[in-house]
Amino acid sequence: KVWAWDAFCTAPCVEKIWSVAGEQFGDKKGVIVVLEQAVYGLKTASASFHKFLGDFLQEIGFEPSRADQDLWIKKSEHYEGYNYIAAHVDDIIFVAKNLLEYMSNIEQHFQVRDVTDSPKYYLGNNITNRNDKVVISTKKYLKEVLRKYQDKHGALPKENLPLKATEQPELDGSKFDNKEEHKEY
């Protein structure tokens, strides 16, 4: 089972930020207000949320993977296998057989919004279920990159193999893209 959601920044604000309440505060207009939770746009908002999420996930038994600190893993207590949580800023995806055992706990700590049960597409990746397994691929993203390339440079020749039998990529001497060329992809 796969769930994806956006978790609005509910982390404590590490910066000392205050303001004067505006007209939208009615009779509280002019009162000094202090920001207690991280909000989008603050320099430390992403880092605050990352730490807040990480602390919470460790409390419920998840550990960051060695390969990617935003991929969290927990050995399942109820079946052979693992539960996974991956985060990109505040976009989070959860893969487990029994998501409900975690979701009520997560919703108590985070302002969860835009929950998607079994998403088909997430952060540039296609997600499908095949034979009770979750398969993640970049097929949609790659098709879009190829379309943009072909719009600019013309159609690519069709090949049955990823490389022609005569090509030797380890000997490729072509130049690397500069920053502007890299942004195209």
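A residue counts as buried under 20% relative accessible area, as exposed over 50%, and as partly exposed in between. Threonine 128 has a relative accessibility of 34%, so this residue is partly exposed. The model described here is a predicted one.

**Threonine 128 and its surroundings**

Threonine 128 belongs to strand β10, which covers residues 125-130. When neighbours within four places in sequence are left aside, the contacts of threonine 128 are Lys133, Val134 and Val135. Serine 65 stands 63 residues from threonine 128 along the chain, and the C-alpha atoms of the two are separated by 23 Å.

**Two buried residues**

Asparagine 83 is part of strand β6, residues 82-88. With a relative accessible area of 2%, asparagine 83 is buried. Its contacts, again leaving aside neighbours within four places in sequence, include Phe62, Trp72, Ile73 and Lys74. Also among the contacts of asparagine 83 are Ser76, Phe94, Val95, Ala96, Lys97 and Tyr102.

Alanine 38 is found in the loop between β3 and α1. This alanine is buried too, its relative accessible area being 2%. Between the C-alpha atoms of alanine 38 and isoleucine 17 the separation is 10.0 Å, and the two residues are 21 residues apart along the chain.

**Aromatic pairs**

A pair of aromatic rings is described by the distance of the centres and the angle of the planes. In this model the count of aromatic pairs is two. In one of them, the ring centres of phenylalanine 62 and phenylalanine 94 are 6.1 Å apart and the planes stand at 85°, so the arrangement is edge-to-face. This pair joins distant parts of the chain, its members being 32 residues apart. Phenylalanine 62 is in the loop between α1 (45-59) and β4 (63-64), while phenylalanine 94 is in strand β7 (residues 91-95). Both phenylalanine 62 and phenylalanine 94 are buried. The two rings also belong to residues in contact with asparagine 83.

Tyrosine 82 and tyrosine 84 make up a tilted pair, with 6.4 Å from centre to centre and 45° between the planes. Tyrosine 82 has a relative accessibility of 41% and therefore counts as partly exposed. Tyrosine 84 is likewise partly exposed, at a relative accessible area of 33%. The ring of tyrosine 82 has a further partner: the charged end of lysine 75 sits over this ring, 5.4 Å from the ring centre.

**Salt bridges**

How many salt bridges does a search of the whole structure find? The search finds four. Three of them are set out below, with the distance between the closest N and O atoms.

| Salt bridge | Closest N and O atoms |
|---|---|
| Lysine 29 and glutamate 23 | 3.9 Å |
| Lysine 51 and aspartate 55 | 2.8 Å |
| Arginine 147 and aspartate 151 | 2.6 Å |

In the bridge between lysine 29 and glutamate 23, glutamate 23 is exposed, with 64% relative accessibility.

Lysine 51 and aspartate 55 are four residues apart in helix α1, so about one helical turn separates them. Lysine 51 is exposed at 52% relative accessibility, whereas aspartate 55 is partly exposed at 33%.

Arginine 147 and aspartate 151 lie in helix α3 (residues 139-153); because they are four residues apart there, about one helical turn separates them. Here arginine 147 is partly exposed, with a relative accessibility of 39%, and aspartate 151 is exposed, with a relative accessible area of 57%. These two residues also belong to a network of salt bridges that links Glu144, Arg147 and Asp151.

**A nonpolar surface patch**

Trp18, Val20, Ile32 and Val34 make a nonpolar patch of about 460 Å² on the surface. At least two residues of the patch come from β2 (18-20), and at least two from β3 (32-34). Valine 34, one of the patch residues, is placed in strand β3. Its relative accessibility is 60%, so valine 34 counts as exposed.

How values were computed
Residues numbered from 1 in each chain as written. Predicted model: local features only at pLDDT ≥ 70, side-chain atom pairs only at ≥ 80, totals over all residues. Heavy atoms only, no water. Phe/Tyr/Trp six-rings, centres within 6.5 Å; stacked < 30°, edge-to-face > 60°. Buried < 20%, exposed > 50% of the residue type's maximum accessible area, 1.4 Å probe, protein only. Lys NZ or Arg CZ within 6 Å of the ring centre and 35° of its normal. Patch = residues over 30% accessible without salt bridge, like charges linked within 9 Å, V, L, I, M, F, W, Y side chains within 5 Å. Areas by Shrake-Rupley, 256 points an atom, 1.4 Å probe, with all protein chains shown as cover. Salt bridge = Lys/Arg side-chain N within 4 Å of Asp/Glu carboxyl O. Contact = heavy atoms within 4.5 Å.
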